[in-house]
There are 2 protein chains.
Amino acid sequence: MAPLPAKPTMKDRILETADRLFYLQGIRAVGVDTIAAEIGISKRTLYNHFPSKDALISAYLARRFVAPRPSDKSPVEQILGTFDSLERRFSAKDFRGCPFVNAVAELGDDRSVRKVAVAFKESRRLWFRDLLVQLGVAEADALSTQLALLVDGSIAQDLVRNDPAMARAAKDAATVLLKNAGVKIGRNTADKRAARKRKS
Amino acid sequence: MAPLPAKPTMKDRILETADRLFYLQGIRAVGVDTIAAEIGISKRTLYNHFPSKDALISAYLARRFVAPRPSDKSPVEQILGTFDSLERRFSAKDFRGCPFVNAVAELGDDRSVRKVAVAFKESRRLWFRDLLVQLGVAEADALSTQLALLVDGSIAQDLVRNDPAMARAAKDAATVLLKNAGVKIGRNTADKRAARKRKS
DNA sequence: GCCAAATTACACAGATCTGTGTACCTATTT
DNA sequence: AAATAGGTACACAGATCTGTGTAATTTGGC
């Protein structure tokens with residue numbers, strides 16, 4: 001309730017730093033010493049807040065699990081807007097793919113990691129599905145899965161290629177899929193580049 | 001020239017084992033001792049064939065870089081067939097995502113790894129593009145990128161969800177995209193489940 | 001200013017990992 | 001039978017990593 005952004009807790013500082021390093025360099029690649037040194041605290045302090053590196057990893061993934069906030073935009077705008085914000089994130093030089101996919105890739109069959117990763121993917125698919133239901137799409141379930149594929153596909157491609165255009169490609173494909181499902185894409189909901197093209 | 005599959009070289013045995021372990025458990029997660037022990041050779045022998053673990057990693061990735069072999073099937077069958085074989089691979093319990101994406105995810109900004117990963121992704125996109133050109137698709141470049149997104153998206157989703165149905169979803173989306181580009185999908189090129197449904 | 005809690009410095013245990021050095025062994029070839 | 005190549009056993013160096021123990025010190029609340 002106190003909106004003062006004043007002092008971040010020590011625990012928060014540790015978590016924020018661990019998040020950044022884990023995400024950018026990989027979980028196995030970053031040791032607890034490195035994290036402590038980065039903040040300028042002693043390793044002992046870190047272990048006073050997190051009992052083990054595993055606990056830190058769990059907290060890292062939990063922190064990354066943010067539900068999409070409700071929006072007053074139209075469902076179509078929200079769906080297609082997803083790809084616009086993806087493109088923005090791809091353009092940032094500190095983007096390194098999906099933290100959940102990366103964690104599963106490097107931590108393998110770790111139960112808890114897989115579990116939270118699945119939950120995250122499913123929560124985003126359900127977000128898509130809800131919007132599609134609002135649009136009256138009959139096969140909302142199947143289409144939401146396909147949209148999720150496009151999201152993760154563009155993320156994986158950008159991870160290796162470092163090419164934000166992958167988000168546009170995904171958006172274009174998503175537009176086709178939506179139209180095919182009977183969704184009307186209004187002029188204003190379409191992206192600006194295409195709109196400019198149309199007018200010229 | 002000798003088609004005898006008789007004796008695999010020691011180097012091949014090392015590489016084959018490293019491949020399996022790196023892929024299934026992650027590159028950082030597998031030590032050279034583990035690889036040597038798995039084969040039942042001494043660590044010294046391993047280092048007599050590969051000067052360093054890095055060299056072994058490079059060889060592993062190079063080995064995974066297989067170009068799709070030419071086929072006499074129709075372009076549409078080849079494109080859609082890609083998703084069928086993906087589904088088959090997803091169903092195998094030793095499937096653990098794309099080795100190149102995984103390697104980039106866990107090894108981070110390693111130059112050489114990124115390079116080979118980009119080359120692999122691009123080679124597959126060009127394979128798609130070539131087939132689309134054969135089909136007379138105007139926007140073969142854009143569409144090939146979108147198909148590649150679907151491939152990588154289904155791989156990423158299957159990696160976390162362990163659900164081969166992701167391949168079907170990708171195939172369905174790909175079919176829509178192809179039709180939208182003016183490609184005729186014949187009865188026989190469509191998947192069997194849909195065909196059965198149609199007849200009933 | 002005092003007290004309790006948080007933080008620090010730092011050494012250290014124990015595991016694991018990459019890579020090397022060396023002496024010995026065991027095939028195959030000539 | 002001798003020589004050569006390849007493999008083995010095994011110890012070890014040196015780095016790195018997780019996690020702990022402890023005593024001293026700083027910090028914030030009262």
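**Two chains and two DNA strands: a short tour**

Let me start at the DNA. Of the atoms of DNA strand C that come within 4 Å of the protein, 47% are sugar or phosphate atoms, and the rest belong to bases. Before I go on, two housekeeping remarks. This is a predicted model, in which local features need pLDDT of at least 70, side-chain atom pairs count only at pLDDT 80 or more, and totals for chains, interfaces and linings use all residues. Residues are numbered from 1 along each chain as its sequence is written, chains are lettered from A and ligands numbered from 1 in the order in which they are written, and side-chain values use heavy atoms, with hydrogens and water left out.

Back to strand C, then. Which residues come nearest to DNA strand C? They are T45(A), V32(B), D33(B), K43(B) and K53(B), out of 17 residues around the strand; a residue is counted as near when one of its heavy atoms lies within 4 Å of the strand. By class, that surface has five nonpolar, seven polar and five charged residues. For the classes, Ala, Val, Leu, Ile, Met, Phe, Trp, Tyr, Cys and Pro are nonpolar, Asp, Glu, Lys and Arg are charged, and the others, Gly among them, are polar.

Now to the helices behind that surface. At least two residues each come from α3 of chain A, and from α2 (32-39) and α3 of chain B. α3(A) gives the most, with four residues. Helices here are DSSP runs of H or I with at least four residues, strands are runs of E with at least two, and both are numbered from the N terminus.

Let's look at some polar contacts, meaning pairs of N or O atoms within 3.5 Å (within protein, one atom must be able to donate a hydrogen and the other to accept it, and residues adjacent in sequence count only if both atoms are side-chain atoms). A backbone N or O atom of V32(B) sits 2.8 Å from a phosphate oxygen of strand C, and a backbone N or O atom of S42(A) is 3.3 Å from a phosphate oxygen of that strand. R44(B) goes to a base: an N or O atom in its side chain is 3.1 Å from a base nitrogen of strand C.

Next, DNA strand D. Here 16 residues surround the strand, and the closest are V32(A), D33(A), K43(A), K53(A) and T45(B). Sugar and phosphate make up 46% of the strand D atoms that come within 4 Å of the protein. The elements that each supply at least two residues are α2 (32-39) and α3 (43-49) of chain A, together with α3 (43-49) of chain B. On the phosphates, a side-chain N or O atom of T45(B) is 2.8 Å from a phosphate oxygen, while a polar side-chain atom of Y47(A) lies 3.1 Å from one. On the bases, the side chain of R44(A) places an N or O atom 3.1 Å from a base nitrogen of strand D.

So how do the two protein chains relate? Chain A superposes on chain B by a rotation of 180° with 0.0 Å of shift along the axis, at an RMSD of 0.0 Å; the fit is by least squares on C-alpha atoms of residues with pLDDT of at least 70 in both copies. That is the relation of a two-fold axis. In chain A, the C-alpha nearest this axis belongs to G153(A), at 1.7 Å. The copies meet through the same surface, because 100% of the interface residues of chain A are also interface residues in chain B.

One residue to click on is Q157(A), in helix α8 (residues 140-161). Is Q157(A) buried or exposed? With 1% relative accessibility, Q157(A) counts as buried, where buried means under 20% relative accessible area, exposed over 50% and partly exposed in between (1.4 Å probe, protein chains only). Beyond its neighbours within four places in sequence, Q157(A) is in contact (heavy atoms within 4.5 Å) with N162(A), M166(A), K121(B), A148(B), L149(B) and D152(B).

A second one is R168(A), in helix α9 (residues 165-180). R168(A) is buried, at 14% relative accessible area. Its C-alpha is 9.9 Å from that of L80(A), though the two are 88 residues apart in sequence.

I'll finish with the fold as a whole. Chain A has 10 helices and zero strands, and 48% of its 200 residues count as buried. In chain B, helix α6 (residues 99-107) is largely enclosed by the rest of the structure, because nine of its nine residues are buried. Just after α6(B), G108(B) takes a positive phi of about 65°.
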